[in-house]
2 protein chains.
Amino acid sequence: MIVPYYAAMTAPSSPRRPGPGRPREFDTDLALDRAIAVFSERGYQGAAISDLTRALGLTAGSLYKAFTDKRGLFLAAFDRYVALRTDRLRAVLEGAPTGRAKIKAVLDFYAGSSYGADGRRGCLVVAGAVDLATADPEIAARVTGVLHLNEGRLADLVAEGQADGTIAPHLDPMVTARLLLCVLQGMRVVGKTGRDRAEMAPLADNALRLLD
Amino acid sequence: MIVPYYAAMTAPSSPRRPGPGRPREFDTDLALDRAIAVFSERGYQGAAISDLTRALGLTAGSLYKAFTDKRGLFLAAFDRYVALRTDRLRAVLEGAPTGRAKIKAVLDFYAGSSYGADGRRGCLVVAGAVDLATADPEIAARVTGVLHLNEGRLADLVAEGQADGTIAPHLDPMVTARLLLCVLQGMRVVGKTGRDRAEMAPLADNALRLLD
DNA sequence: CATAATAGGGAACGATCATTTCCGAATCAA
DNA sequence: TTGATTCGGAAATGATCGTTCCCTATTATG
């Protein structure tokens, strides 16, 4: 019932040199895609090992041999989730010519992830922030890092738009980027409550007003 | 399944007529305030009964006698959280004369809750959305109800601003309200990653650009 | 004073949790 | 072939979870 988020567009994350020993029978990336789905919709603590073994099609022994423990599986799933989303976002950005168009593409991308089944599944970064921000310093640092990274990228896009004349020059790129980040993360939260495309799609165009 | 979220304002939520039997020794509202803190920062599944008994200063027996079970405690804490926030927000709104000023007050209110210790503690509605949107239909309905309610209130404020001439008349109140809701919820998510006042406060003023 | 009813508290319960252990199977290097 | 090494899988482990039970304490009612 769980479908892989996106067909693997990234290079196989584990080069996996075939040393001695029995080779792994399952696809690590496919397993992580399933883990992403489980963790996203149930949260970290809400996802039991039994849920994960069922979804991944692995026994507990194999799972622990491959990912050390539940936390290691979450970390691996988190990193893959971020990498996949970053790739998809990068692909979407390539078609946009100006800074403003790129920001619109980002907004469209998030709006498109925030309704229907994907919206309900939710964002693993948000789940990590809510579940583990106070409980697990390392995961908290990872979440913080991703958000700061995205904030910086948005600031770069704002500056790019100001340079090419498509974004008002008097805006503070940092503040504008942070505000856009809130819009994006907020879409993911609201999208968990079951919205449809007609509700979320118009938000992207409307948010562009922030660039005038 | 619509529940009176803000039925009791600041008045004691439990009228508690003293029937027969030993009277309760602890303050229910104070206990719920502690529960709000625990659930907010650890999430629903992350908050163990032992965490709650320690924070509330109650034994498990008393806790279950008063709130039925963990879910009942969460529901009571959730309702109180929403009621308290609604009251605080209402108080803040009273000082604002125009629709635009009221929306600015709302934005300031959320920005003020999204940094420092309060920001790290996080929002119980967001926590409920992330942890239980797919697991518990009744709680999911309650979360959805709160967000829709707030969305509707924001739409009313936009319309009010359009009527008094402080908000551009060509805007769609519904879409604008939904976008503002995303900004507010996004602040709460970003605020979980440890921001300070200097980062969050300017967002409120900047978001007002959405009303031009 | 006697009875009913509720609260406080702590020990105990079964269930489930994350994790480990054990063993047969599969692969590589010699 | 022979070790060394890793994997898959199922059963077992100890810990912790949410919850209940039982007993005492405290109040209202009659």
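Which phosphate oxygen partner does a polar side-chain atom of B:Lys70 lie 2.7 Å from? The partner belongs to DNA strand D, and the legends below start there.

This is a predicted model, in which local features need pLDDT of at least 70, side-chain atom pairs count only at pLDDT 80 or more, and totals for chains, interfaces and linings use all residues. Residues are numbered from 1 along each chain as its sequence is written, chains are lettered from A and ligands numbered from 1 in the order in which they are written, and side-chain values use heavy atoms, with hydrogens and water left out.

**View 1. The protein surroundings of DNA strand D.** Here you can look around the strand, which has 24 residues surrounding it; a residue counts as near if one of its heavy atoms lies within 4 Å. The closest are A:Arg24, A:Glu25, B:Ile49, B:Tyr64 and B:Lys70. By class, this surface holds 10 nonpolar, 7 polar and 7 charged residues (nonpolar: Ala, Val, Leu, Ile, Met, Phe, Trp, Tyr, Cys and Pro; charged: Asp, Glu, Lys and Arg; polar: the others, Gly among them). Helix α3 (60-67) of chain A and helix α2 (49-56) of chain B each supply at least two residues, and the largest share, 3 residues, comes from α3(A). Helices are DSSP runs (H or I, at least four residues), numbered from the N terminus.

**View 2. Polar contacts to phosphate and base.** Of the strand D atoms within 4 Å of the protein, 68% belong to sugar or phosphate and the rest to bases. On the phosphate side, a polar backbone atom of A:Glu25 is 2.8 Å from an oxygen of strand D. On the base side, an N or O atom in the side chain of B:Arg22 is 3.3 Å from a base nitrogen.

**View 3. Where chain A meets chain B.** In this view, 44 residues of chain A are in contact with 44 residues of chain B (heavy atoms within 4.5 Å). Together the two chains bury about 3,800 Å², 67% of it on carbon and sulfur atoms; buried area is the accessible area (1.4 Å probe) that two parts lose on being put together, summed over both.

**View 4. A salt bridge between the chains.** The side chains of A:Arg195 and B:Glu151 meet at 2.9 Å, N to O. The rule finds 2 salt bridges across this interface (a side-chain nitrogen of Lys or Arg within 4 Å of a carboxyl oxygen of Asp or Glu).

How values were computed:
A polar contact is a pair of N or O atoms within 3.5 Å; within protein, one must be able to donate a hydrogen and the other to accept it, and residues adjacent in sequence count only if both atoms are side-chain atoms.
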